[in-house]
Amino acid sequence: MPQPAWLVYGPPGCGKTTWIVSHVKQAKAKLYHWNARTDRTLREGRESLHRQVRSQEPLFVWIEGADDLTPESQAFLRRILETVSPSVQCILECRDPNRITPAIQSRCEWKQPVGTESFRQISKPIPRAESDTISESFMKGENPIEQIKGYLNNEDTWEEALLA
């Protein structure tokens, strides 16, 4: 029997993506990401998912939005989880684990990031002066990416958000 998939759950912004990416980096493995929120039927990804889960090299297969899959797609996903190679770790990310069928839940090890509150809801907004500068650049037809990168790379901003 393959190793259990990880069922990573929590509200939007609680750190699911950060948790997943940090585990992949720590393992120094490759990551295959499939967004089930945009392909709820897995029609486009079935063949690709089958190939990935049979990989012989260390690989994480992350299915984002597994709780948005249709019941038929979840039945297909259950069959995929039964054929996973020992070198592959499947990660099912979801907001509401109760929307995952019991057949899939039973094949998973449940993981919840430490932060159960949404970072998006508790974080401070971009300071008005910086927000205005970014908006003005955008309105002038300029690309504000460098300003946004500067804001995100500013350690004081992150310390401020973490202390809030």
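Is C94 buried or exposed in this model? The residue is buried, its relative accessible area being 0%, and the points below, which concern a predicted model, take up the cysteines before turning to the overall fold, helix α1 and strand β1.

1. Cysteines. A search of the whole structure returns zero disulfides, and the distances show why for C90, because its sulfur lies 8.9 Å from the closest cysteine sulfur, that of C108, which is too far for a bond. C94 likewise takes part in no disulfide, with the sulfur of C108 again the nearest cysteine sulfur, at 8.6 Å. The cut-off that matters here is 2.5 Å between the two sulfur atoms. As to exposure, C90 counts as buried at 4% relative accessibility, and C94 is buried at 0%.

2. Overall fold. The protein contains eight helices and five strands, and their order along the sequence is β-α-β-α-β-α-β-α-β-α-α-α-α. Of its 164 residues, 38% count as buried, while the exposed area comes to about 10100 Å², of which carbon and sulfur atoms supply 53%. Among contacts with a sequence separation of 6 or more, 79% are made by residues 24 or more positions apart.

3. Dimensions and end of helix α1. The 12 residues of α1 should span 16 Å at 1.5 Å a residue, and the end C-alpha atoms are 17 Å apart, so the model agrees with the expected span. The helix is followed by K28, which has a positive phi, near 55 degrees.

4. The two sides of α1. K16, W19, I20 and V24 are the buried residues of this helix. They cover an arc of only 130 degrees around the axis, and therefore lie on the same side of α1. The face turned away from that buried side carries T18, K25 and Q26, which are exposed. As for what covers the buried residues of α1, the elements include β1 (5-9), β2 (30-35), β3 (59-64), β4 (88-94) and β5 (108-111).

5. I20 as an example. This residue is found in α1, which runs over residues 16-27, and I20 counts as buried at 0% relative accessibility. Leaving aside residues up to four places away in sequence, I20 touches V8, W62, I91 and E93. I20 and L92 are 72 residues apart in sequence, yet their C-alpha atoms are 9.9 Å apart in space.

6. Burial of strand β1. Five of the five residues of β1 are buried. In a regular strand the side chains alternate between the two faces of the sheet. In β1, the buried residues A5, L7 and Y9 are on one side, and the buried residues W6 and V8 are on the other, so that both faces are covered.

7. Pairing of strand β1. Which strands pair with β1, and in what sense? β1 pairs with β5 in the parallel sense over four bridges, and the bridge partner of A5 in β5 is C108, the residue whose sulfur is the closest cysteine sulfur to that of C90. β1 also pairs with β4 in the parallel sense, over four bridges, and here L7 stands opposite L92.

Methods:
Residues numbered from 1 in each chain as written. Predicted model: local features only at pLDDT ≥ 70, side-chain atom pairs only at ≥ 80, totals over all residues. Heavy atoms only, no water. Buried < 20%, exposed > 50% of the residue type's maximum accessible area, 1.4 Å probe, protein only. Helix = DSSP H or I, 4+ residues; strand = E, 2+ residues; numbered from the N terminus. Contact = heavy atoms within 4.5 Å. Areas by Shrake-Rupley, 256 points an atom, 1.4 Å probe, with all protein chains shown as cover. Expected span 1.5 Å × (residues − 1). Arc of directions from axis to C-beta. Pairing = 2+ DSSP bridges.
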